[in-house]
Amino acid sequence: QVRLVESGGGLVQPGGSLRLTCRTSGFTFSRFSMNWYRQAPGKEREYVAGLTSDGESITYADSVKGRFTVSRDNAENAVFLQMNSLKPEDTATYYCHARDYFTPGANYWGQGTQVTVSS
């Protein structure tokens, strides 16, 4: 059974930091590209950051460049999102996403973790 479980969300003041973790099981983690998405109330889900299966290629949304860092640990089957200098507009539910681009249908989502940036 495929599982992606996010943790680390919470309430933080503007300028603060949080580290999100997505722990996975039920699939060959090292074969999958891993991504973070977010969805704010009333808005569409948007891409935040992601990295390839080997971690060699990393991309970020323009809105988070220089503030967020995505990383993975293939030994732990986990992906992380370090979020610094948080802004109120970063408030959203953050979702972990796994995709194997070479296997049709290999596309999995976590349940999300809430991040609220407010004073």
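Which residues does arginine 38 touch, not counting residues up to four places away in sequence? The close-ups below begin with that residue and then move on to other parts of this predicted model.

**View 1. Arginine 38 and the residues it touches.** Let us start inside strand E4, which covers residues 33-39 and holds arginine 38. Not counting residues up to four places away in sequence, arginine 38 touches Glu44, Arg45, Glu46, Val48, Ser63, Val64, Phe68, Glu89, Asp90, Ala92, Thr93 and Tyr94. Two of these touching residues also appear in polar contacts: the side chain of arginine 38 is joined to that of glutamate 46 at 2.6 Å, and to that of serine 63 at 3.4 Å. Arginine 38 has a relative accessible area of 6%, so it counts as buried, the limit being under 20%.

**View 2. Asparagine 35, also found in strand E4.** Here the focus is on asparagine 35, which counts as buried because its relative accessibility is 5%. With neighbours within four places in sequence left aside, asparagine 35 is in contact with Tyr47, Ala49, Gly50, Leu51, Tyr95, Cys96, His97 and Tyr101.

**View 3. An open sheet of four strands.** Follow the strands across the sheet and you will meet them in the order E1-E3-E8-E7, with antiparallel pairing. Strand E1 (3-7) and strand E7 (68-73) stand at the edges with a single partner strand each, so one side of each has no neighbour in the sheet. From one strand to the next, the twist averages 15°. As background, the strands of a sheet pair through backbone hydrogen bonds.

**View 4. Strand E1 beside strand E3.** E1 and strand E3 (residues 18-25) run antiparallel and are joined by five bridges. One place to look is valine 5, which stands opposite arginine 23 in E3. What do the side chains along E1 do? They alternate: Leu4 and Glu6 point to one face and are buried, whereas Arg3, Val5 and Ser7 point to the other face and are not buried. In a regular strand, side chains alternate between the two faces of the sheet.

**View 5. A cluster of aromatic rings.** Ring pairs link Phe27, Phe29, Phe32 and Tyr108 into this cluster. The count of aromatic pairs comes to six. One of them is formed by phenylalanine 27 and tyrosine 108, a tilted pair with 5.3 Å centre to centre and 50° between the planes. This pair links distant parts of the chain, 81 residues apart: phenylalanine 27 is in the loop between E3 and E4, and tyrosine 108 is in strand E10 (residues 107-109). How buried or exposed are the two partners? Phenylalanine 27 is buried, at a relative accessible area of 13%, while tyrosine 108 is partly exposed, at 23%.

**View 6. Arginines over ring faces.** To finish, look for two arginines that lie over aromatic rings. Arginine 19 lies over the face of phenylalanine 80, at 4.2 Å from the ring centre. Arginine 45 lies over the face of tyrosine 95, at 3.8 Å from the ring centre. You have already met arginine 45 in the first view, among the residues that arginine 38 touches.

Technical notes:
Residues numbered from 1 in each chain as written. Predicted model: local features only at pLDDT ≥ 70, side-chain atom pairs only at ≥ 80, totals over all residues. Heavy atoms only, no water. Helix = DSSP H or I, 4+ residues; strand = E, 2+ residues; numbered from the N terminus. Buried < 20%, exposed > 50% of the residue type's maximum accessible area, 1.4 Å probe, protein only. Polar contact = N/O pair within 3.5 Å; in protein donor to acceptor, adjacent residues only side chain to side chain. Contact = heavy atoms within 4.5 Å. Pairing = 2+ DSSP bridges. Axes fitted to C-alpha atoms, helices over the stretch in contact; angles between N-to-C directions. Phe/Tyr/Trp six-rings, centres within 6.5 Å; stacked < 30°, edge-to-face > 60°. Lys NZ or Arg CZ within 6 Å of the ring centre and 35° of its normal.
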